[in-house]
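Reader: Hey, got a minute to walk me through this one? I'd like to start with how the copies sit relative to each other.

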Protein chains: 4
Amino acid sequence: MSEPIRVAVLGASGRMGATTVRAVQEAGGLELVAAIDAGDDLRAVTDAAAQVAVDFTVPSATEQNVHTLVDAGVHAVVGTTGWDDASLGRVRDHLLRAPGVGVLVAPNFALGAVLAMSFARQAARWFESVEVVELHHPDKVDAPSGTARHTAQGVAAARAAAGLGPVPDATTHTLDGARGADVDGVRVHAVRLRGLVAHEEILLGNPGELLTIRTDSFDRVSFMPGVLLGIRQIAGRPGLTVGLEHLLELHG
Amino acid sequence: MSEPIRVAVLGASGRMGATTVRAVQEAGGLELVAAIDAGDDLRAVTDAAAQVAVDFTVPSATEQNVHTLVDAGVHAVVGTTGWDDASLGRVRDHLLRAPGVGVLVAPNFALGAVLAMSFARQAARWFESVEVVELHHPDKVDAPSGTARHTAQGVAAARAAAGLGPVPDATTHTLDGARGADVDGVRVHAVRLRGLVAHEEILLGNPGELLTIRTDSFDRVSFMPGVLLGIRQIAGRPGLTVGLEHLLELHG
Amino acid sequence: MSEPIRVAVLGASGRMGATTVRAVQEAGGLELVAAIDAGDDLRAVTDAAAQVAVDFTVPSATEQNVHTLVDAGVHAVVGTTGWDDASLGRVRDHLLRAPGVGVLVAPNFALGAVLAMSFARQAARWFESVEVVELHHPDKVDAPSGTARHTAQGVAAARAAAGLGPVPDATTHTLDGARGADVDGVRVHAVRLRGLVAHEEILLGNPGELLTIRTDSFDRVSFMPGVLLGIRQIAGRPGLTVGLEHLLELHG
Amino acid sequence: MSEPIRVAVLGASGRMGATTVRAVQEAGGLELVAAIDAGDDLRAVTDAAAQVAVDFTVPSATEQNVHTLVDAGVHAVVGTTGWDDASLGRVRDHLLRAPGVGVLVAPNFALGAVLAMSFARQAARWFESVEVVELHHPDKVDAPSGTARHTAQGVAAARAAAGLGPVPDATTHTLDGARGADVDGVRVHAVRLRGLVAHEEILLGNPGELLTIRTDSFDRVSFMPGVLLGIRQIAGRPGLTVGLEHLLELHG
């Protein structure tokens with residue numbers, strides 16, 4: 001039996017942080033050694049000899065947290081939003097000077113959603129048509145969801161890389177909005193309905209044939225298998241990894 | 001064994017007319033006595049002693065056809081589009097002077113679609129949220145479909161009659177078109193995909209609960225059970241009937 | 001503004017009872033006047049001058065509770081399971097001697113599920129084929145669910161009443177169980193999957209056309225609109241009512 | 001502009017063969033040079049200087065056809081059923097003595113179905129639960145379908161390779177058949193419904209999350225993109241290839 005991995009959680013009293021604390025405590029092979037909140041000193045991470053730190057803090061804090069962790073030789077698994085190409089680039093550069101340290105930045109830890117996005121990209125080049133329908137509770141303020149937008153962009157990029165032209169659409173008479181939002185040429189529809197949580201459907205069509213990929217997320221516990229996977233693998237993946245899909249060993 | 005019903009088909013060489021001709025020939029209890037095309041004399045209907053005539057002609061001819069049939073005492077089953085309140089009113093008035101003659105004008109003969117619309121209206125008052133998604137082949141020129149628009153209007157009317165307010169929707173940041181078209185306050189989304197034929201989904205939501213009603217139409221043979229039902233029942237329903245749903249004996 | 005309806009809840013510390021207590025407290029036009037548990041004296045209901053009592057107790061207690069309530073002139077809304085034709089018959093007889101008192105016994109208070117079952121019965125006679133698929137979490141011990149079984153029985157009865165024969169099925173080579181369970185000639189399939197809660201799909205098919213009715217229940221709060229509807233209407237429905245569907249004013 | 005690939009079709013008057021003949025004639029970059037039926041001499045293939053031959057004949061003829069084609073240095077794309085490990089082994093051995101010749105044997109040319117199977121295998125290791133539902137027209141004689149059986153086997157193998165145990169299932173009271181057929185520990189349900197053609201759903205579940213992969217096939221034209229892909233790529237893939245998935249460049 002190997003030693004358990006020593007884990008710190010940053011943002012431990014937030015909703016995702018608290019769920020992560022429980023998941024780490026219940027998981028085999030992991031030991032929670034620090035639970036840190038806004039205002040706490042990050043030195044608690046090294047004081048506790050944590051090997052991996054999970055960051056579910058806030059966009060304004062997360063990059064500085066990661067630089068501090070890298071300087072301390074602590075691997076990082078980051079689920080906080082707000083990362084852009086510039087901030088990712090600074091961490092990538094920093095890691096060149098910290099060989100052996102790994103950082104995973106993942107915009108989405110839901111395995112189903114990450115797999116669906118990968119499958120949509122794999123399938124996109126083989127189909128004439130594609131559209132995305134996302135469905136959420138009616139208290140959501142943005143439409144379409146970031147995940148749906150990201151999915152449509154990935155699908156559009158895969159079509160472009162394969163040399164596909166625009167999707168067929170003969171619509172000439174339309175009621176405003178009926179055909180959805182245009183994301184890089186892929187139509188995205190946002191349904192809002194009491195009773196729903198977070199759902200996405202990617203529809204691909206050829207003559208005589210459809211392929212549909214759907215994910216349904218009902219609870220933030222659905223993110224935990226992805227977070228635990230990141231914790232377990234990040235020590236073996238030095239440098240910067242962006243996106244959980246790289247840990248999933250996907251192949252035909 | 002009773003005598004078969006003697007049936008004439010108007011517009012017999014069109015796609016719906018030809019399908020009807022075959023369906024009448026294959027159905028038990030019906031006899032095809034006349035198949036009439038554009039340019040043919042309608043007197044062929046009475047010459048053949050038809051009891052019921054099915055009209056799948058063109059919007060410019062259908063109302064005059066019906067008046068001629070009513071004058072001849074022939075019941076009519078009409079699937080041609082183009083009827084409005086004025087033309088329906090003229091036929092209703094005409095039928096007051098032709099007691100015993102029945103006319104059915106039905107914008108949709110697909111049993112599944114007609115039932116779905118009825119169920120959506122029955123359910124609408126019991127749910128906080130409702131949206132409509134219709135999905136068709138990409139050669140369709142209008143979006144949303146007439147059926148989806150009609151469904152949304154029916155649902156909106158049922159909500160209004162029950163005193164329900166607007167559906168909940170907290171969207172403040174949106175990409176143009178993402179939330180669909182607004183039909184009387186009900187959002188309608190139109191998906192266009194190679195491989196699809198004609199499909200509609202009505203989604204109703206309450207806290208913790210969803211109800212989904214979906215129809216898939218693959219072929220115009222799906223209209224034939226509705227057409228045959230109309231032929232068999234119209235002699236027993238004098239006056240004007242608008243909509244196949246009145247023949248379906250729907251109840252809780 | 002009329003006086004609120006005075007409501008007692010029996011079985012108030014059980015899961016459904018506690019959810020009902022909260023729902024009554026939050027609902028407009030209702031006042032919670034008594035919350036009673038196993039062992040408590042039912043006289044608390046009349047002492048509190050309750051007009052309607054909701055019973056979510058246990059099969060061994062529910063019928064006696066109802067007789068006591070009827071004797072006291074208190075209307076009853078009953079969600080406890082375990083009622084059979086004999087116990088319903090005794091309550092029906094009792095109510096003949098208590099004019100003006102109403103009792104609703106409902107095996108299912110989920111509006112979506114009750115509507116789905118009604119729609120399936122309305123549609124059944126118009127389709128050649130029908131099957132039921134129910135999907136639940138993998139901790140459920142019975143398969144298929146009582147709701148699915150009840151749905152299949154209702155559909156089978158509607159087909160029989162319309163003179164329909166058996167559904168078409170050419171299967172000659174089958175792996176044991178592949179075609180599901182046979183409930184009065186209707187095939188029922190039970191899916192068990194981590195992440196699911198309680199879901200049911202009724203599929204109806206004709207040449208070239210499908211109609212699908214689906215319900216998804218995620219939480220027992222989904223029963224509350226049905227319970228509140230019962231509380232509000234039962235005073236106006238003297239005698240015994242079995243099934244929430246009779247309160248839903250369903251029609252074409 | 002390169003020279004078109006010269007294509008022969010064997011079994012050209014069968015349903016799949018005739019569809020292939022039309023697809024080759026309409027496709028860019030391909031030239032139909034021979035259409036051969038049962039009883040015709042295979043020398044017509046070489047007489048016409050075909051580079052690739054498509055075999056949609058019958059199980060009793062297909063292996064001998066392939067050996068003849070390999071001897072003649074003609075690449076083969078085979079969609080006929082009836083191949084087993086022994087016949088595949090004999091072709092593999094034969095190809096060792098015919099360097100540069102390629103043979104593709106594919107049990108399924110529907111891109112959607114092939115992709116769905118690949119995605120299900122990729123996803124299987126990440127989910128606690130999985131089941132398969134296939135839906136077909138009621139004239140089908142076997143249940144479950146070969147595709148569904150094959151999908152379940154692939155999923156079961158992927159779970160085993162990842163060290164997953166049996167799927168959770170607490171069922172103790174069941175009506176015979178309700179839980180479907182057991183294929184290597186994966187439950188498979190077969191729905192038969194008038195109006196359906198060929199459909200498959202793979203459902204994967206984790207706490208709080210579902211992933212669903214669905215394919216709908218309406219017409220055998222849906223096989224043509226896969227057949228054309230095989231024709232275009234087989235010259236570049238010497239030796240034996242079993243399964244279209246190897247040509248699809250799948251990756252995360």
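Author: Sure. This is a predicted model. Chain C can be laid on chain D by a turn of 180° and a shift of 0.0 Å along the axis, with an RMSD of 0.0 Å.

Reader: OK, so what kind of axis is that?

Author: A turn and shift like that is the relation of a two-fold axis.

Reader: Which C-alpha of chain C is nearest the axis?

Author: The one of G177(C), which is 1.9 Å from the axis.

Reader: And how much of the contact surface recurs in the other copy?

Author: The same surface serves both copies: 100% of the contact residues of chain C recur in chain D. Chain C puts 47 residues into the contact, and chain D puts in 47 residues as well.

Reader: What area is buried between chain C and chain D?

Author: About 3300 Å², with carbon and sulfur atoms giving 62% of that. On the chain C side, the residues losing the most area to chain D are L175(C), L193(C) and R194(C), which together account for 19% of what that side buries.

Reader: Let's talk charges. How many salt bridges are there between chain C and chain D?

Author: The count is 2 salt bridges. R194(C) forms a salt bridge with E128(D), and their closest N and O atoms are 2.9 Å apart. So R194(C) turns up twice here, given that R194(C) is also among the residues that lose the most area to chain D and has that salt bridge within the 4 Å cut-off.

Reader: And polar contacts, how many residue pairs?

Author: There are 24 residue pairs in polar contact between the two chains, counting pairs with both residues at pLDDT 80 or more.

Reader: Which strands of chain C supply residues to that side?

Author: β6 (129-136), β7 (142-143), β8 (173-174), β9 (181-183), β10 (186-192), β11 (198-206) and β12 (209-217) of chain C each supply at least two residues of the side touching chain D.

Reader: Switching topic: what's the strand order in the open sheet of chain C?

Author: That sheet has 6 strands in the order β2-β1-β3-β4-β5-β13, with parallel pairing.

Reader: Why do β2 and β13 each have a side without a neighbour?

Author: Because β2 (30-36) and β13 (239-242) of chain C stand at the edges of the sheet, each with a single partner strand. From one strand to the next, the twist averages 20°.

Reader: How many bridges join β1 to β3?

Author: In chain C, 4 bridges join β1 (residues 5-10) to β3 (residues 52-55), and the two run parallel. One bridge partner in β3(C) is D55(C), paired with L10(C).

Reader: Last one: which strands does helix α4 touch?

Author: Helix α4 (residues 85-96) of chain C packs on the sheet, touching β5 (102-105) and β13 of chain C, and the helix direction makes about 150° with that of β13(C).

How values were computed
Residues are numbered from 1 along each chain as its sequence is written. Chains are lettered from A and ligands numbered from 1 in the order in which they are written. This is a predicted model: local features need pLDDT of at least 70, side-chain atom pairs count only at pLDDT 80 or more; totals for chains, interfaces and linings use all residues. Side-chain values use heavy atoms; hydrogens and water are left out. Two strands pair if DSSP finds at least two bridges between them. Axes are lines fitted to C-alpha atoms, for helices over the stretch in contact, and angles run from 0 to 180 degrees between N-to-C directions. Contact means heavy atoms within 4.5 Å. Copies are superposed by least squares on the C-alpha atoms of residues with pLDDT of at least 70 in both. Buried area is the accessible area (1.4 Å probe) that two parts lose on being put together, summed over both. A salt bridge is a side-chain nitrogen of Lys or Arg within 4 Å of a carboxyl oxygen of Asp or Glu. A polar contact is a pair of N or O atoms within 3.5 Å; within protein, one must be able to donate a hydrogen and the other to accept it, and residues adjacent in sequence count only if both atoms are side-chain atoms.
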